[in-house]
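Trainee: I have a model open and would like to learn how to read it. Where should I start?

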Amino acid sequence: MATPICSISLLNVFLLLFSLEKGYAVEENEATKSYLHVVKVNTLLPTTACNHSSSKVSNSLSLEVVHRRGPCIGIVNQEKGADAPSNMEILLRDQYRVDSIRARLSSRGMFPEKQATLPVQSGASIGAGDYVVTVGLGTPEKEFTLIFDTGSDITWTQCEPCTKTCYKQKEPRLDPSKSTSYKNISCSSALCKLVASEGSQSCSSSTCRYQVQYGDGSYSIGNFATETLTLSSSNVFKNFLFGCGQQNDGLFGGAAGLLGLGRTKLALPSQTAKKYKKLFSYCLPASSSSKGYLSLGGQVSKSVKFTPLSAEFDSTPFYGLDITGLSVGGRKLSIDESAFSAGTVIDSGTVITRLSPTAYSELSSAFQNLMTDYPSTSGYSIFDTCYDFSKYDTVRIPKVGVTFKGGVEMDIDVSGILYPVNGLKRVCLAFAGNDDDSDTSIFGNVQQRTYQVVYDGAKGRVGFAPGGCS
């Protein structure tokens, strides 16, 4: 099936005129090549086979990252087949997570004038993430597949005995009675008070208890304890604080629990700071059928460009950044800086980037202006800019860029610009608008795909480098 001759003609004209206006001495095809992606439409859809190639950061510990609903996960996944969530359910859960992040920010005194509505009744509320790694716990070591999440702090896994309910997972649950390194935290310990920073804390027979609840209704309740964490044979951490979940339920996709990469003392970066100096990075693959990595420590490549962490979020568990501008088709959009004044949380667990309504409106309008040669279709859930590509073999879409404080420019990978929700009949711009300009923006994992994203907690910065997974 051939692409219609008229396709993208308006975009070609716009980009040529834009190049001439700026004084660029380029041919028309060079201009369009610089500011658009030529995409085979079938590459927009996930595949059922796993691409086993992956990369890692040199001079660092690297764990393999896979999507918990993709073919590379290699575990009994309760969300595959008939139980797999629809795109509508995925986006609904994503909105729950966004609402939960804002509620937690409000509870810590940020934007107190905003009404915060939690989708669950108590405890820490934040939706679980999408990507998993495998780590070792206990002595002797047992391997567990955990969702890693920059928006959470407590690391937890399902444990024996399961007192009320537990969900299905591939690996046998951790049995503390069979580990010589397991030890419960007592209620009188100062460590028990740390639990309140992430969830709710209680006591049972002098044992410290934790409870975390997530925006999609999932939860984990159990004993707060220490255990030996093994990331590799030479990366072993004794007395690692974690939650031993005895009552767990939710949509964790067969993963055994969660690995917290947030900013508080309970999170993995702080607990391993002596070795890794609060430095970690990851690359999320272009699709759920490919692999990425999570690296801890190591050397930072010169190709990484850093933007400072926003001081506005220092008292929160989240990594806050400052977006200063957006571009579409190589052209910077005219957006008042006040549209970004509420700050941005970069988050591995939120799927779709949320922007202020002012910024999103400009982004969507500019994108639509350069996509007029393709038939538009109705919106879907949080998306309002969608197209029907079912009659095309290839499409040309304008590049989208995000600029962070310090002039750090990030050209979103093509896999992070469009999101298919109904095959090729409805493919949507993978951004959404907040309700109000005073709502915190969130930089989601779809827009982070293929980049090496570096978190340098010791130096208070986050960095980006393209081609991180290759």
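Mentor: Start with contacts: two residues are in contact when they have heavy atoms within 4.5 Å. This is a predicted model. In the protein, 71% of the contacts with a separation of 6 or more are between residues 24 or more positions apart.

Trainee: What are the overall counts of helices and strands?

Mentor: The protein has 7 helices and 31 strands. Of its 470 residues, 57% count as buried. About 19,300 Å² is exposed, and carbon and sulfur atoms supply 49% of that area.

Trainee: Which residues does the UniProt annotation "active site" cover?

Mentor: A record's annotation is a starting point, and it may be inferred rather than shown by experiment. Here the unreviewed UniProt entry gives "active site" for Asp149 and Asp347. They span 199 residues in sequence, but no two of their C-alpha atoms are more than 7.7 Å apart, so they gather at one spot.

Trainee: Where does Asp149 lie, and is Asp149 buried or exposed?

Mentor: To call a residue buried, look for a relative accessible area under 20%. Asp149 lies in strand E5, residues 142–149, and is buried because its relative accessible area is 0%. A polar atom of the Asp149 side chain is 2.9 Å from the backbone nitrogen of Gly151.

Trainee: Where is the place of Asp347?

Mentor: Asp347 is in the loop between strand E19 (344–346) and strand E20 (353–355). Asp347 also counts as buried, at 0% relative accessibility.

Trainee: Which residues does Asp347 touch, not counting residues up to four places away in sequence?

Mentor: With those set aside, Asp347 touches Arg97, Ile101, Asp149, Thr150, Gly151, Ile442, Phe443, Gly444, Asn445 and Gln448. Asp149 is one of these residues. With Arg97, there is a polar contact of 2.7 Å between the two side chains.

Trainee: Let us try a residue from another strand. With which side chains does the side chain of Ser220 make polar contacts?

Mentor: For a polar contact, look for a pair of N or O atoms within 3.5 Å. The Ser220 side chain has such a contact with the side chain of Tyr210 at 2.6 Å, and another with the side chain of Asn248 at 2.7 Å. Ser220 lies in strand E10 (residues 219–232) and is buried, with a relative accessible area of 0%. Leaving aside neighbours within four places in sequence, the contacts of Ser220 also include Trp156, Gln211, Val212, Gly245 and Gln247.

Trainee: How many residues of strand E13 are buried?

Mentor: Check each residue of the strand in turn. In E13 (residues 279–283), 5 of the 5 residues are buried, so the strand is largely enclosed by the rest of the structure. Leu279, Ser281 and Cys283 point one way, while Phe280 and Tyr282 point the other way.

Trainee: Which strands are joined to E13 by bridges?

Mentor: Strand E30 (residues 452–456) is joined to E13 by 5 bridges, and strand E14 (residues 292–296) by 4 bridges. E13 runs antiparallel to E30 and antiparallel to E14. Tyr282 shows how to follow the pairing: opposite Tyr282 stands Val453 in E30, and the bridge partner of Tyr282 in E14 is Leu294.

Trainee: What is the strand order in an open sheet of 4 strands?

Mentor: Follow the pairings from one edge to the other. One open sheet of 4 strands has the order E21-E22-E27-E26, with antiparallel pairing. Its edge strands are E21 (376–377) and E26 (418–422), each pairing on one side only. E21 is joined to E22 (residues 386–387) by 2 bridges, and Thr377 has Cys386 in E22 as its bridge partner. Helix H7 (residues 357–369) packs on this sheet, touching E22, E26 and E27 (426–429), and its direction makes about 130° with that of E27.

Trainee: Which strands stand at the edges of the sheet E18-E17-E24-E25?

Mentor: This open sheet of 4 strands also has antiparallel pairing. E18 (331–332) and E25 (408–411) stand at its edges with a single partner strand each, so one side of each has no neighbour in the sheet. Between E17 (residues 323–328) and E18 there are 2 bridges, and Val328 has Arg331 in E18 as its bridge partner. H7 lies across E17 and E24 (400–404), running at about 15° to E17.

How values were computed. Residues are numbered from 1 along each chain as its sequence is written. This is a predicted model: local features need pLDDT of at least 70, side-chain atom pairs count only at pLDDT 80 or more; totals for chains, interfaces and linings use all residues. Side-chain values use heavy atoms; hydrogens and water are left out. Two strands pair if DSSP finds at least two bridges between them. Axes are lines fitted to C-alpha atoms, for helices over the stretch in contact, and angles run from 0 to 180 degrees between N-to-C directions. Buried means under 20% relative accessible area, exposed over 50%, partly exposed in between (1.4 Å probe, protein chains only). A polar contact is a pair of N or O atoms within 3.5 Å; within protein, one must be able to donate a hydrogen and the other to accept it, and residues adjacent in sequence count only if both atoms are side-chain atoms. Accessible areas come from the Shrake-Rupley method with a 1.4 Å probe; for residues, only the protein chains shown count as cover.
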